[in-house]
Amino acid sequence: MILYFIFVKYGGEDDHNIRGFEDTHVMIFIGFGFLMTFLKKYCYSALGFNWFLAALVIQWALLCQSFYHMKDNTIFITKKLLLEADIMSATVLITFGAVLGVASGLQLLFIAIVETAVACFNFWLVADVFKAADVGGSIAIHAFGAYFGLGVSLLLKPRKTKTENAENTATVDLNGPSYTSDVTAMIGSIFLWIYWPSFNSALTNSNSEYQRAVVNTYLSLAAATVTTFVLSSAVSKHHGKLDMVHVQNSTLAGGVAVGSVCNMHITAGGAIAIGIGAGLLSVLGYRYLTPLLTRVGLPDTCGVHNLHGMPGVYSGILTVLFAALATKEQYGVELGGVFEAMKEDGSARTAGSQALNQFLALLVTLAISLVSGAMTGYIARAPVLEPLKDNEEYNDEINWELP
Amino acid sequence: MILYFIFVKYGGEDDHNIRGFEDTHVMIFIGFGFLMTFLKKYCYSALGFNWFLAALVIQWALLCQSFYHMKDNTIFITKKLLLEADIMSATVLITFGAVLGVASGLQLLFIAIVETAVACFNFWLVADVFKAADVGGSIAIHAFGAYFGLGVSLLLKPRKTKTENAENTATVDLNGPSYTSDVTAMIGSIFLWIYWPSFNSALTNSNSEYQRAVVNTYLSLAAATVTTFVLSSAVSKHHGKLDMVHVQNSTLAGGVAVGSVCNMHITAGGAIAIGIGAGLLSVLGYRYLTPLLTRVGLPDTCGVHNLHGMPGVYSGILTVLFAALATKEQYGVELGGVFEAMKEDGSARTAGSQALNQFLALLVTLAISLVSGAMTGYIARAPVLEPLKDNEEYNDEINWELP
Amino acid sequence: MILYFIFVKYGGEDDHNIRGFEDTHVMIFIGFGFLMTFLKKYCYSALGFNWFLAALVIQWALLCQSFYHMKDNTIFITKKLLLEADIMSATVLITFGAVLGVASGLQLLFIAIVETAVACFNFWLVADVFKAADVGGSIAIHAFGAYFGLGVSLLLKPRKTKTENAENTATVDLNGPSYTSDVTAMIGSIFLWIYWPSFNSALTNSNSEYQRAVVNTYLSLAAATVTTFVLSSAVSKHHGKLDMVHVQNSTLAGGVAVGSVCNMHITAGGAIAIGIGAGLLSVLGYRYLTPLLTRVGLPDTCGVHNLHGMPGVYSGILTVLFAALATKEQYGVELGGVFEAMKEDGSARTAGSQALNQFLALLVTLAISLVSGAMTGYIARAPVLEPLKDNEEYNDEINWELP
């Protein structure tokens, strides 16, 4: 509050008409919140902590982000700034998904405050230093949030001996859905899916760029959805049965995968191809990779690695590819927002140089998120943050008055 | 994907600002999806298949619809095209409602692919050949989807002898709601209700036409809702108790009934009168007609005949009436979009001729939908589509890994 | 219907593009509806009656409100009029929350019809006679609805002796949530939270006023949310556990509290301070005041006094403060909509005179709502409205066919 009184003033009228604000809002609070209600006894915590963290991070991120763009030590607050803060809060919520049910309330609070500051710094690197194309935030939001979360998950809990693991079976039972909780999780999943085109296109600059972003995201999501259903049935252990985890999550991977390139001229067929790839990557990840990671001490409750991590990296690699393939006359025209940034300072880049910058942006994001996540996780072991005992995991009982 | 690579290019900027896209989106995926979760053990399938079918049909319908409007063998994809594909997917989802819990996954896939192609052809007849007024799609979407579904339902299963019916009581128990599933169904129902004005007005051309469509749809829905509650209590078997089935469905009939005429000058009182009529028609249909149809071998799980079928026909008849009553100076001015189409080719129609065309559009829609639906249902009996046995109906067990 | 045929015509094109219509719609039907599903056996009634009452009141309020602005005995209906009717229906739904589970269907119908007429009269006093600033309706909608509801609650049931109260324990068990009903209530709560900025800014006139309203409401809500979580844990009886009632309701108090001043230049820090105050007021109200009121014969099922009542009064007092503090050059420029009204009739007011009018508007609203609410409650005891017996309270059984 004090920082707001000192630094923040109302901005101009220019940004009152931005698109996608309400839609992104629904994704953050309904989408992420309900998606994480899939655990049978952790619905209150999923919804409550999601809400608390997002409301807190929005206020905090607005300051952190604007720190890099202040004029005369004043932040001019606009609807667009709120939108960017909304988008930033997604990073923290993705990380929350990785340690859902495992981290205590105070640990989450600590993680959120640290992560927001680091993520805003990384966002500034990607956008302003590397001037990388990342309109839907697949690099700076999704990949960052997922790998930060995996870093936290790696060091949040002391390593157990095999015996300890075997003894602790009661907790494991709560780490799964009930029939009803899977249905409420679908509320979140479908709303995320519906408004993803608004999310990816929210920060576009021109009408044609906006329309490309909407169309490409939509087609990629639709393709990923169809792929998810077909593949989920194909890799099933029980006679072609569908798995709700895949349906709730892998359907969305198409939105992440197309995120960084959705405003470019990737063609409708290209968008569908990207979506199919995302569906494949994500379902196979849930089916084979996540159990493996859990076994080597890297649990990931929501499987954010399959929904945000790998598809985010995939999207980052696609930006390298499309930047490298761009012909000269496409600069600033064909490639959507990619080369917009360079116009400002007059220093045009070659396709190769832009591709290199895209690659560096991705690499730096992965490095910063993993290292800072792991450090944050390690520090969060501190007893003052009240870490959960094994038998308190995945359980609302600890934090809520239950009926 | 291959067809998209060959035929589809990005369209112009013109349609970036169309209304109702996100709202229609919510109706298709949240609205239809959750409305069909009312069955106690079929929530996963309702949500999952709804999503899968819609995501598939949107891609397929975009091609089918555009086939009639290609220039130089190229489809120029815009946000408006996506919206029209969204709207078309409603047709398939209505049909899904008629055979909910009775058709297998593969049968649904087959039905969806065939129906989309036929429905796009019928849509072209209604819009481009008959040049009929049908802005909210009550004829070409709602009536088509419902009667196609009834056609499928008629021939999907071999006729049973009375004895077989009597023996099979276990299944019937699953064909009903639980307390929780009725609540989640309300999510779908209310979102459909909320965004129906956006649906009906999405394809209007002028601002005044848009505003009329919103106001009329809204009033008709409100009137149908009040009528539904009053009538549901009045026709109840148990001391005036309300029936959730009526509340979830008949409240929406006002949106269907006013659909084809909502952009015309029907007056606010007229809109309310239409809504009251729709509520009456729909509640009485659920109470008396559906049990009768089920007994004669025409089951209709969601009662789409009462929500989309009869109200759609009702709306079609209203267009005949309003077209016939139009005075000369109303052409193209007073009647909203009705005579818009004729301006293009310069061939003005008389009121009588337009009324005749409206009537033919309705008649042709009913004929095509019923016949093609019945044929599709009959073909879908093929063993390769894995028809369900009686004891597998209305049950998620067959298709899903359950917790 | 008859009144609509006589009085209502389509309005001009001017208001086709108003903001916030669909969002407010979601708040009324999804937001209020699902928020009230928190009772374990009253979900059908909460959703059903909410829908029925809102659909009815919208039609009735549109007439009542327009009565004060008719030209040539004609109401010109526009999308903006529908929005205003939507907003007015919130008043009745707030009152519904106060007597949730206690009033019968017929009693609710009677209350709704009377309250709408009185509330429209009061709204006219506030807006047109006192020309008070109240853009988000915290005075004329929230405070009115809450205190009308408390008035009804006070006299709806005959006073009981202590013995009668003690005997009746079966009913009390139903006056509480289940695990699932608390989750569905969160759907309502979060959607209300998400679209509150749209609600408060819907009736702003300029772009900068609109942006201020959005930003201030958003920050106030976020601050109230963080405050609610911290305080709910702090005042808990059981080792810092969170209370779902606080989370579902007090988080929203920030939207009410900032409502009447959100379009003014209150600064971002000011908005956060207001939100913190609202969270404090509301959580403490739920924790200490509501149990007290219930004991003295003023039950308030949803605690609307803590969510709409006190925060509404708080917002009213803030308008007095900000009006009194306004410097001369701020008139009509700095203070947003406050002095807009006075431009019309040319009679400029001093800051003191405007502050006085704000105060009177608040006072008159409280007086009218409490007195008319109490009278309505007393009349609603009439046997013809079928009052509930004690053992019929909080129970869907009375009104619904249950599965």
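Reader: What rotation superposes chain B on chain C?

Author: This model is predicted. Two copies of a chain are related by a rotation about an axis and a shift along it. Here the shift along the axis is 0.0 Å, and chain B lands on chain C with an RMSD of 0.0 Å. That is the relation of a three-fold axis. The rotation is 120°.

Reader: What percentage of the interface residues of chain B are also interface residues in chain C?

Author: The copies meet through different surfaces. That follows because the shared part of the interface residues is only 8%.

Reader: Which residues touch the most other members of the largest nonpolar core?

Author: In soluble globular proteins, nonpolar side chains tend to be buried together. The largest nonpolar core here has 360 residues. Apart from it lies another core, of ten residues, including Tyr147(C) and Leu298(C). In the largest core, the residues that touch the most other members are Phe29(A), Phe191(A), Phe29(B), Phe191(B), Phe29(C) and Phe191(C).

Reader: Which residue of chain B is in contact with Phe191(C)?

Author: Leave aside the neighbours within four places in sequence. In chain C, Phe191(C) then contacts Val26(C), Met27(C) and Ile30(C). In chain A, the contacts of Phe191(C) are Val26(A), Ile30(A) and Phe191(A). From chain B comes Phe191(B).

Reader: Is Phe359(A) buried, partly exposed or exposed?

Author: Phe359(A) sits in helix α15 of chain A. With Leu356(A), Leu360(A) and Leu363(A), Phe359(A) makes a nonpolar surface patch of about 350 Å². Its relative accessibility is 40%, and buried would need under 20%, exposed over 50%. So Phe359(A) is partly exposed.

Reader: Which residue of chain C meets Glu397(A) in a salt bridge?

Author: Side chains of opposite charge can pair when their charged atoms come close. Glu397(A) lies in the segment after α15 of chain A, and its partner is in the loop between α10 and α11 of chain C. Glu397(A) is partly exposed at 38%, whereas the partner is buried at 19%. The N to O distance is 3.9 Å, and the partner is Lys241(C).

Reader: How many residues apart are Glu22(B) and Lys79(B)?

Author: Their side chains meet in a salt bridge of 3.8 Å, N to O. Glu22(B) is buried at 16% relative accessibility, and Lys79(B) is buried at 3%. Glu22(B) is in helix α2 and Lys79(B) in helix α4, so the pair links distant parts of the chain. The two are 57 residues apart.

Technical notes. Residues are numbered from 1 along each chain as its sequence is written. Chains are lettered from A and ligands numbered from 1 in the order in which they are written. This is a predicted model: local features need pLDDT of at least 70, side-chain atom pairs count only at pLDDT 80 or more; totals for chains, interfaces and linings use all residues. Side-chain values use heavy atoms; hydrogens and water are left out. Patches are made of residues with over 30% relative accessible area and no salt bridge: like charges are joined within 9 Å, nonpolar side chains (Val, Leu, Ile, Met, Phe, Trp, Tyr) within 5 Å. Accessible areas come from the Shrake-Rupley method with a 1.4 Å probe; for residues, only the protein chains shown count as cover. A salt bridge is a side-chain nitrogen of Lys or Arg within 4 Å of a carboxyl oxygen of Asp or Glu. Helices (H or I, at least four residues) and strands (E, at least two) are DSSP runs, numbered from the N terminus. Buried means under 20% relative accessible area, exposed over 50%, partly exposed in between (1.4 Å probe, protein chains only). Copies are superposed by least squares on the C-alpha atoms of residues with pLDDT of at least 70 in both. Contact means heavy atoms within 4.5 Å. A nonpolar core is a set of buried Ala, Val, Leu, Ile, Met, Phe, Trp, Tyr and Cys residues joined through side-chain atoms within 4.5 Å.
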